[in-house]
Each structure stands twice: as C-alpha cells, then as structure tokens.
Amino acid sequence: MRRTRPPIPTIPLFEVPGTQAPAGETEADNAEWWERAVAGVHQLARTGMAFQAYDLVQRAGVPEPSRPGAQWGALFAALAREGVIVPVGYGPSPRPTTRSSAARIWRGAAR
C-alpha cells in the first residue's frame, strides 16, 4: 500500500496588492501605487519601445514602491499573464543603485 505524503508548506514568492502592508503603509497606498504602475506600463507598452521597470519611474512618473523587489515583480508578472507585455530579453539596469545588474526588458504585446 502506497502512503501519500502530506503537502509541503510553502510561502508566497511575492506579495500582491491587498496583502499585508508594512507598518505605516495602508492598503490604500498599495492600491494607489498599483493603479499608477499599471497605467504606466500601459503607457510605455503603447509606444512599441522596449523598457525596464526603472523606465516607469523615469519616463512615466511612477513612484518607487515601498517593497520594490516584491511589487515590481508582481506588477510585471501580472501584466505579462494578461498579455499586455512580453519579455524580450535582459540588459543592464539604468537604476543608479544597481551597478548595472541585469534587468528584464519588456515590450508591449500588441505591436
């Protein structure tokens, strides 16, 4: 007789809007950032030009999120699943704090 193993507990890989906000941050702040960031991605996607996350800050006026690693990743993953953007490669990040580390490059899906 074969024994079934209990499921392995997992943790989320990233947080999405509406989940636990850090102290001092409200869900409304998180939702407002999300809306601005989604609008910024749509704006850059319509240009047909390739872009990276930091281009949203520089070109679309989206503020840095409170949890950059989690929120940028969740944003781009969600919009890629929706078919708004597609990954087209990697390149050095223009973000001053990254020392040109590799960052994903995106383009609007409708070209």
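Me: What covers the buried residues of helix H1?
Reply: We're looking at a predicted model, where local features need pLDDT of at least 70, side-chain atom pairs count only at pLDDT 80 or more, and totals for chains, interfaces and linings use all residues. Residues are numbered from 1 along each chain, and side-chain values use heavy atoms, without hydrogens or water. Elements are DSSP runs numbered from the N terminus (helices: H or I, at least four residues; strands: E, at least two), and covering goes by contact (heavy atoms within 4.5 Å). For the buried residues (under 20% relative accessible area with a 1.4 Å probe, protein chains only; over 50% is exposed, in between partly exposed), the cover includes helix H2 (53-60), helix H3 (68-81), strand E1 (85-92) and strand E2 (102-108).

Me: How far does H1 reach from its first C-alpha to its last?
Reply: H1 covers residues 27-46, which makes 20 residues. The expected span is 1.5 Å times one less than the number of residues, and here that comes to 28 Å. H1 ends up close to that, with a reach of 29 Å.

Me: Why do the buried residues of H1 sit on the same side?
Reply: The buried ones are Asn-30, Trp-33, Trp-34, Ala-37, Val-38, Gly-40, Val-41, Leu-44 and Ala-45. Take the directions from the helix axis to the C-beta atoms: these residues are on the same side of H1 because they cover an arc of only 165°.

Me: And which residues are exposed on the other side of H1?
Reply: Turn H1 around, away from buried residues such as Trp-33 and Trp-34. On that other side, the exposed residues are Ala-28, Glu-35 and Arg-46.

Me: Which residues of H3 are buried?
Reply: H3 has 14 residues and reaches 20 Å, close to the 20 Å expected at 1.5 Å a residue. Its buried residues are covered by elements including H1, H2, E1 and E2. Look along the helix and you'll find the buried set: Ala-70, Gln-71, Trp-72, Ala-74, Leu-75, Phe-76, Ala-78 and Leu-79.

Me: Which residue with a positive phi follows H3?
Reply: Start with H1: just after that helix, Gly-48 takes a positive phi of about 80°. After H3 there's also a residue with a positive phi, near 85°, and this one is Gly-83.

Me: What is phi of Ser-100?
Reply: Let's go to the loop between E1 and E2, where you'll find Arg-99 and Ser-100. Arg-99 has a phi near 55°, which is positive although the residue isn't glycine. Ser-100 is another residue other than glycine with a positive phi, and its value is near 65°.

Me: Does Arg-99 count as buried or exposed?
Reply: Find Arg-99 in the loop between E1 and E2. Its relative accessibility is 80%, so Arg-99 counts as exposed.

Me: Is Tyr-54 buried or exposed?
Reply: You'll find Tyr-54 in helix H2. Its relative accessibility is 15%, so Tyr-54 counts as buried.

Me: What distance separates the C-alpha atoms of Tyr-54 and Pro-94?
Reply: Leave out residues up to four places away in sequence, and Tyr-54 touches Glu-64, Pro-94, Arg-95 and Pro-96. Of these contacts, let's pick Pro-94, which is 40 residues from Tyr-54 along the chain. In space, the C-alpha atoms of Tyr-54 and Pro-94 are separated by 6.9 Å.
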